[in-house]
Amino acid sequence: MKLLILSLSNKMKYSLASYTHGVLALLLAALFLYAGVKKFIPKDRPVNPKANLAYVEAIKTNTFERPTSFRLAVKMLSTSGFLKLIGVIQLLAGLLIVIPKTRLIGLVFLLPITLNIFAFHLFMDDRMDENVETGLFFLVNLMLVGSYYKKIATLFGAKINSLE
């Protein structure tokens, strides 16, 4: 009887972990699919010469503060087309994460992107809500990749002792 209860308990834990993993992966995929698509939607931004002159003056005198440096960096990345490349990577990773057989590839593909987004906000943006939000995305991505530790370890030739 104890063996049966223990077996059912292990199956419930496995199914809950598997369900949680799937839900978190799909939420992360949806977020980055949306973010990737958003990078290709043109935005009407009115030209504000006074604000532009203020940016230039702040750069010349080195008097800008956060999040001005963040906004300036994003503007430069956007006008250079680099954010469109990031959008393509986000779309590709999101699509790979949606498909269970390619989920690990998508998560690994997305890991440096989420780390970069988090670091970008952490060092250049003083809005705590943005830092927490991007940190959570990175943490969820890291945890999802970590759930594949056996597959990753065998890829590098490590032998994992399993209790299964």
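**Exercise 1.** Find which residues form the positive surface patch in this predicted model, and place Lys 38.

*Solution.*
- Start with the members: Lys 38, Lys 43, Arg 45 and Lys 75 form a positive surface patch.
- Next, locate Lys 38: this residue belongs to helix 1, residues 2–38.
- Then check its cover. Lys 38 has a relative accessible area of 40%.
- Patch residues need over 30% relative accessible area, and Lys 38, at 40%, is partly exposed.

**Exercise 2.** Describe the nonpolar surface patch and the helix in which Met 128 is found.

*Solution.*
- List the residues: Met 128, Val 132, Leu 136, Leu 139 and Met 143 make a nonpolar patch of about 500 Å² on the surface.
- Take Met 128. Its helix is helix 6, residues 128–146.
- Judge its exposure. Exposed means over 50% relative accessible area; Met 128 has 58%, so it counts as exposed.
- Now size up helix 6. Its 19 residues reach 26 Å from first C-alpha to last, close to the 27 Å expected.
- Finally, look for cover. Buried residues of helix 6 include Glu 130, Gly 135, Phe 138 and Leu 144.

**Exercise 3.** Count the salt bridges, then state whether Asp 125 is buried or exposed.

*Solution.*
- The count is 1 salt bridge.
- Name the partners: Asp 125 pairs with Arg 127.
- Check the distance. The closest N and O atoms lie 2.7 Å apart, and the cut-off is within 4 Å.
- Compare the cover of each partner. Asp 125 is buried, at 0% relative accessible area, whereas Arg 127 is partly exposed, at 30%.

Note on methods. Residues numbered from 1 in each chain as written. Predicted model: local features only at pLDDT ≥ 70, side-chain atom pairs only at ≥ 80, totals over all residues. Heavy atoms only, no water. Patch = residues over 30% accessible without salt bridge, like charges linked within 9 Å, V, L, I, M, F, W, Y side chains within 5 Å. Areas by Shrake-Rupley, 256 points an atom, 1.4 Å probe, with all protein chains shown as cover. Salt bridge = Lys/Arg side-chain N within 4 Å of Asp/Glu carboxyl O. Lys, Arg positive; Asp, Glu negative; His and termini not counted. Charge placed at Lys NZ, Arg CZ, Asp CG, Glu CD. Helix = DSSP H or I, 4+ residues; strand = E, 2+ residues; numbered from the N terminus. Buried < 20%, exposed > 50% of the residue type's maximum accessible area, 1.4 Å probe, protein only. Expected span 1.5 Å × (residues − 1).
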